[in-house]
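These are my notebook entries on a single model. I set down what I looked up, topic by topic.

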Amino acid sequence: LGTNFLFFNLNQGRRQDKPLVDPIKSAWFNTVAFRQAIAYGIDRTTMVNNIFQGLGELQSSPLSVASPYYASPKMGIPTYDYNPSKARELLLGAGFQYDSSEHLLDRQGNPVRFTLVTNSGNKIRESLGSQIKNDLDKIGIQVDFQPLAFNLLVGRLTDSLDWEACLLGLTGGLEP
């Protein structure tokens with residue numbers, strides 16, 4: 001009944017007149033087409049097959065597939081099946097471009113690179129993070145994957161707010 005998910009720091013706030021998230025990266029993260037491209041750029045089926053040895057199920061809803069309140073794609077929930085071509089199309093449509101080495105650049109020519117954090121010691125999430133890094137590299141995005149001690153990770157997420165993207169999971173029973 002556990003779920004794993006990737007999320008970006010969309011916080012556009014400031015502390016002591018300093019942005020919490022680099023404004024260049026914040027502009028990417030707060031662009032819907034960028035987040036959709038990330039979703040299309042991650043091969044979740046391969047994750048289920050290789051990391052979970054086929055014992056997982058793709059989920060497009062925030063509620064667990066086992067929940068009686070789960071909304072399936074058959075009910076109109078949008079899905080983002082692995083499609084690197086669609087990811088590239090969305091990025092180009094949002095003003096990103098590729099250099100001669102196929103690295104993604106934003107409108108101002110900044111290389112698209114961000115840090116993805118998760119808790120260290122969780123072998124599943126460490127494997128997921130490695131695959132995300134490899135998958136996004138295929139669409140020209142450099143991901144610096146950084147597993148952190150759980151207490152340090154929680155401190156960054158809740159206190160310092162010093163993070164760009166995070167991979168976490170939840171476990172639990174059936175809702176409600």
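**Entry 1: strand pairing.** How many bridges join β6 to β7, and do the two strands run parallel or antiparallel? I looked up the pairing in this predicted model and found that β6 and β7 run parallel, joined by seven bridges. Within this pairing, I noted N119 opposite L148 of β7. I then followed the chain from β6 through α5 to β7 and recorded a right-handed β-α-β crossover. I also looked up β8: two bridges pair β8 with β6, again in the parallel sense. There, C166 of β8 is the bridge partner of V117. Finally I checked burial: five of the seven residues of β6 are buried, so this strand is largely enclosed by the rest of the structure.

**Entry 2: nonpolar cores.** Which residues of the largest nonpolar core touch the most other members? I found F34, I38, L91, F96, F114, L136 and I141, in a core of 31 residues. I listed the elements that give this core two or more residues: the helices α1 (23-29), α2 (32-41), α3 (44-51), α4 (84-93) and α5 (123-137), and the strands β6 (113-119), β7 (142-148) and β8 (165-170). The largest share, five residues, comes from α2. I took L91 as an example and, setting aside neighbours within four places in sequence, found L91 in contact with F34, A37, F96, Y98, L104, I139 and I141. I recorded another core of seven residues lying apart from the largest one, with V117, L148, W163 and L168 among its members.

**Entry 3: helix α4.** Which residues of α4 are buried? I found A87, L90 and L91. Around the axis they span an arc of only 100 degrees, which puts them on the same side of α4. On the other side of this helix I noted S85, E89 and G93 as exposed. The cover over the buried residues of α4 includes α2, β4 (97-98) and β5 (104-105). Just after α4, I read a positive phi of about 95 degrees at G95.

**Entry 4: helix α3.** I repeated the procedure for α3 and listed M47, V48 and I51 as its buried residues. Viewed down the helix axis, the buried residues fall within an arc of 110 degrees, so they line one face of α3. I found that these buried residues pack against α5. Just after α3, Q53 takes a positive phi of about 50 degrees.

**Entry 5: aromatic pairs.** How many aromatic pairs does a search of the whole structure find? My search returned 11. For W28 and F34, I read ring centres 6.3 Å apart and planes at 35 degrees, so I entered the pair as tilted. Both W28 and F34 are buried. For Y40 and Y80, the centres are 5.1 Å apart and the planes stand at 70 degrees, so this pair is edge-to-face. I noted that the Y40 and Y80 pair links distant parts of the chain, 40 residues apart, with Y40 in helix α2 and Y80 in the loop between α3 and α4. I then looked up their accessibility: Y40 counts as buried at 16% relative accessibility, whereas Y80, with a relative accessible area of 24%, is partly exposed. My last item is one aromatic cluster, formed by F8, W28, F29, F34, F96 and F114.

Notes. Residues numbered from 1 in each chain as written. Predicted model: local features only at pLDDT ≥ 70, side-chain atom pairs only at ≥ 80, totals over all residues. Heavy atoms only, no water. Core = buried A, V, L, I, M, F, W, Y, C linked by side-chain atoms within 4.5 Å. Buried < 20%, exposed > 50% of the residue type's maximum accessible area, 1.4 Å probe, protein only. Helix = DSSP H or I, 4+ residues; strand = E, 2+ residues; numbered from the N terminus. Contact = heavy atoms within 4.5 Å. Pairing = 2+ DSSP bridges. Right-handed = clockwise from strand over helix to strand, strands pointing away. Arc of directions from axis to C-beta. Phe/Tyr/Trp six-rings, centres within 6.5 Å; stacked < 30°, edge-to-face > 60°.
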